[in-house]
Amino acid sequence: MSPEATTKTTYHVPIGPIHPALKEPVFFEFEISGERIIDIDVKLGHVHRAVEWASRKRNPIQILYLAERICGICSYCHPAAFTLAIEAAADIEVAERAEYLRVIQGELERITSHILWAGVAAHEIGFDTVLFLTWEIRERAMDLTEYLCGNRVTKGIMTIGGIRRDITKDMLPRIQKDLKYFKDNFGKLAHIFLDDKTIKMRSQGAGILTKENALKLCAVGPTTRASGIKKDLRADTSYFAYGDLDIDYITPEALTGEVNGDVYDRIIQRLLEVKQSIELIEQCVDKMPAGDIVSEPKIAKVLAQLKKANGEGVGRHEAPRGEVIHYVKLTGEDAPFTWKVRAPTYNNILPWIPMLKGEQIADIPIVAASTDPCMSCTNRVAIVNNGQRSLLNKEQLHRLSVEKTRRLMH
Amino acid sequence: MTKDQKTPEEHVKYLKDKFNTNIISADIKKRAAGSKKNETPSIWMKIDKGAFKEIVKYIIEYNYPHLAIISGNDLGNNIELIYHFTVNYGTRLGEINLHISVELPKSKPEIETICDLIPGALITEREKQEFLGVKIKNIPDNRRLFLPDDFPKDVYPWRRDEKGLEKLYKNLHEVKK
Amino acid sequence: MAKGLPKSFKKALWVYHCNSGSCNGCDIEIIAALCPRYDVERFGIKLVGTPRHADVMLVTGPVSRQMVDKVKRVYDQMADPKAVICVGNCGNTGDVFYESYNLVGPINQILPVDVHVIGCPPRPEAIINAVAKAWVKLETLEGG
């Protein structure tokens, strides 16, 4: 082939689908010219398990456990949003103490998830020591989760009208001890992520999402806040006990004084949110009123009440990755008429396109990971080279990324 | 980021004046939470298909909304699409939820795309096409999104009629007779 | 398990993890098993990025319609002798998704599963135990 012909050829690089994103694993097809990405196509649905459809045969209490299994990392926020939707549709009262306990669980999940993400992000740029450091911290958060809920991953803590387990006085010292541990280690993590030259080189100016694009593409959560949009359900609306707490919007400006919307900003954003979550848990522990933890402890009674209810409700909760929204329609039957789930990654997929356009192949892992779609394990890439297929697996893609870090360091 | 923030009541009044008959019903629901019982307002509106795009334009002019999702119901003769918008985010406890419901007859389930106004609506519009069998006119990308390519053509999982899923139903724990 | 174990140590197992539509719950527990608290790398167990290097395949998830041929392909790419471990309830029984239209699983209808790990998700200890059991099976296959 003549040199002219090769320079003009663009390559198509499919990524996935053996690639564990959350609810929606993704199949990407990149069009690249040399090292630069020109266009991106996304295909979803490899983990379509018909969760919403399955709800037609189950009652709301059973759906709580189904919702928990939508995503193993957000195993609190889906039942939480579903409960909020049901409570709004059937106008069910919630025990006051439970509202605070729900905030504690939600923030604990955010700490676990963001620390997990920090490790994955470090891994993507070849900084594996940080991966192990963060997972050591995360295990403490998992222990605390187990202490409070009885389980490590699927927590089974949410119920309609309240929460299933109380935090008693004798449990408080353990919580405070662990929060202190997180605070101490937060400084360590912040030092690594904010002062390390390698991380700065790889993340500053990479994967930029402008404020306008974030707005138009309906991005949610830390992804949109890192682009400078103040959108945080915990502050915007009053649900659980968030309306009572002292909470403010966090954007990367708080630390750096400017918003670039790049990967570095998204790292800062999540770190600041971990700190905010620790403070919120402390506030809740202080302000928590005494009383019942569930408004109606008899599940049969709750179900009977829901069977009579007619109406629609929407539940929205700020999950670690952004807003999760559930819509429920009740029509006086055992099972809800409709249940629609929207996980945060759903909205954070389209923003990948402006983020990745113009970037290098070696930047795909860190840029894609910066929206926290949980690219924690394997993804596989096939390069279609003029009809000849050669495979580039996750390891090689990861190696490319690591090599780029090394090149930058020299 | 907003010029003048309207209360939910003002929104409803303004829209009712402007689009009068096109708005079939509008309710404001408020739900309190926490010890201080702060309220979150939501507007639930049923509107006519004809005015739909104009109303979306009005919201965008007021304050660029966040389109959370489009959800849908199969109501028998009609398919209902509910657009869940939120406006006024960025102000402490100032957010308003806006749920706009449009009913489309099953004989001609068509609606204009809003991707030209809100590009982020693409994924959810594609999802509605494959799960409810509605036709989104002028959608920039018409392909399937979640369902596999070999999935039967005329089956829409969220329908409750003959186009629903009964054929594909599979129960792993069914006791075989 | 204990009987075959000392011999098995002569070969460190490399594990390939394949997600066939899992919720990520099992997947993070697998990573947790590799990280400092449980640290299986001290036994030589290592997660590898390609099935061609692997001795053991960990499958999570209930196998959605789009993933069947991919899971089969991953299995075919592994060199013999090989073992398959099914991690998590949904791969074993369907769990809460048992009646879903988009599932083809359970995994043992698609691949020959050697070790079933029950739990939603199983604890890291259970996953490590399962890999240890797969050692014994691989030993038998090698005639050692």
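Start where chain C meets chain A: across this interface, 6 residue pairs are in polar contact, both partners at pLDDT 80 or more. A pLDDT value appears here because this is a predicted model. Colour the elements of chain C next. On the side of chain C that touches chain A, β1 (14-19), α2 (25-34) and α3 (68-77) each supply at least two residues. The largest share comes from α2(C), with 7 residues. Sorted by class, that side of chain C has 22 nonpolar, 14 polar and 8 charged residues.

Now select both sides of the contact. Chain C gives 44 residues and chain A gives 45 residues. Between them the two chains bury about 3800 Å², and 58% of this lies on carbon and sulfur atoms. Pick out C:I28, C:R37 and C:E99, the residues of chain C that lose the most area to chain A; together they account for 16% of what that side buries.

Stay at this interface and look for charged pairs. Side chains of opposite charge can pair when their charged atoms come close. The interface of chain C and chain A holds 5 salt bridges. Select C:E29 and A:R152 for one of them: their side chains meet at 2.8 Å, N to O.

Next, go to C:D95 and A:R69. Their closest N and O atoms are 3.5 Å apart, and the two form a salt bridge. This pair crosses between chains: C:D95 sits in the loop between α4 (89-93) and β5 (115-117) of chain C, while A:R69 sits in the loop between α3 (60-68) and α4 (77-90) of chain A. Are these two residues buried or exposed? Both C:D95 and A:R69 are buried.

Hide the other chains for a moment and view chain C alone. Along the sequence, chain C runs α-β-α-β-β-α-β-α-β-α, with 5 helices and 5 strands. Its C-alpha atoms fill a box of roughly 45 × 30 × 25 Å along the principal axes. The radius of gyration of chain C is 14 Å, which agrees with the value near 15 Å for a compact globule of 144 residues. Of those 144 residues, 63% are buried. Look, too, at which parts come together: among contacts in chain C between residues at least 6 apart in sequence, 83% join residues at least 24 apart.

For a single residue inside this chain, select C:T60, in strand β3 (residues 56-60) of chain C. C:T60 counts as buried because its relative accessibility is 0%. Its side chain makes a polar contact with the side chain of C:H17 at 3.5 Å. Beyond its neighbours within four places in sequence, C:T60 is in contact with residues including C:C18, C:C26, C:I30 and C:V87.

Bring the other chains back, since the structure holds 44 salt bridges over all chains. Select B:R31 and A:D91, whose side chains meet in a salt bridge of 3.2 Å, N to O. This pair also crosses between chains, from strand β1 (residues 23-33) of chain B to the loop between α4 and α5 (96-124) of chain A. B:R31 counts as partly exposed, at 24% relative accessibility, whereas A:D91 counts as exposed, at 61%.

For your last stop, choose B:K106 and B:D161, a salt bridge of 2.9 Å, N to O. The two residues are 55 residues apart: B:K106 lies in the loop between β5 (96-105) and β6 (110-112) of chain B, and B:D161 in the segment after β7 (135-137). At 22% relative accessibility, B:D161 counts as partly exposed.

Note on methods:
Residues numbered from 1 in each chain as written. Chains lettered and ligands numbered in written order. Predicted model: local features only at pLDDT ≥ 70, side-chain atom pairs only at ≥ 80, totals over all residues. Heavy atoms only, no water. Contact = heavy atoms within 4.5 Å. Buried area = accessible area lost by both parts, 1.4 Å probe. Salt bridge = Lys/Arg side-chain N within 4 Å of Asp/Glu carboxyl O. Polar contact = N/O pair within 3.5 Å; in protein donor to acceptor, adjacent residues only side chain to side chain. Helix = DSSP H or I, 4+ residues; strand = E, 2+ residues; numbered from the N terminus. Nonpolar A, V, L, I, M, F, W, Y, C, P; charged D, E, K, R; others polar. Buried < 20%, exposed > 50% of the residue type's maximum accessible area, 1.4 Å probe, protein only. Rg over C-alpha atoms; globule rule 2.2 N^0.38 Å.
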